[in-house]
Amino acid sequence: MAGYHHCSASAEDTALHTLHECSAWDEQHRALGAIIGFDLSLPAVIAVMAGSSSSWDAVASFCEAVMPAKEAAERERERESALLSRRNNRRGRRRTVQSDLRPP
């Protein structure tokens, strides 16, 4: 991936950033924090997940909310990139065809 696309605070998409820092998921962070506590560092989240099924379910719900949104955004970026690439290829072909029609 050429960088992180959901906020400007990070250059890369990491689990820690998504779980703990990314402002794009503030609503999901609040919902998760209300159930498991607001220490969303990886060690703390793993500890509470292992401690109770309700905490496990809360983390799973966070993942089920965030991951499809990230995947949909990635698919949209790929679609836009493919369209741009096709447009650029067509423009190049047009120039070639037009130059072929010019008299010598």
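**Exercise 1. Find how far the sulfur of Cys7 is from the closest cysteine sulfur, and count the disulfides.**

Solution. The closest cysteine sulfur to that of Cys7 belongs to Cys22, 3.7 Å away, which is too far for a bond. A disulfide needs a pair of cysteine sulfur atoms within 2.5 Å. The count is therefore 0 disulfides by this rule.

The model is predicted: local features need pLDDT of at least 70, side-chain atom pairs count only at pLDDT 80 or more, and totals for chains, interfaces and linings use all residues. Residues are numbered from 1 along each chain as its sequence is written, and side-chain values use heavy atoms, with hydrogens and water left out.

**Exercise 2. Classify Cys7 and Cys63 by relative accessibility.**

Solution. Apply the cut-offs: buried is under 20% relative accessible area, exposed over 50%, partly exposed in between (1.4 Å probe, protein chains only). Cys7 has 13%, so Cys7 is buried. Cys63 has 36%, so Cys63 is partly exposed.

**Exercise 3. Sort residues of helix H2 into buried and exposed, then locate the buried ones around the axis.**

Solution. Helices are DSSP runs (H or I, at least four residues), numbered from the N terminus. H2 covers residues 26–36. Its buried residues are His29, Leu32, Gly33 and Ile36. Viewed down the axis of H2, they fall within an arc of 100°, so they line one face. The arc is taken from the directions from the helix axis to the C-beta atoms. An α-helix has 3.6 residues a turn, so residues three or four places apart point the same way. Glu27, Arg30, Ala34 and Ile35 are exposed on the other side of H2. Just after H2, Gly37 has a positive phi of about 105°.

Notes. Helices (H or I, at least four residues) and strands (E, at least two) are DSSP runs, numbered from the N terminus.
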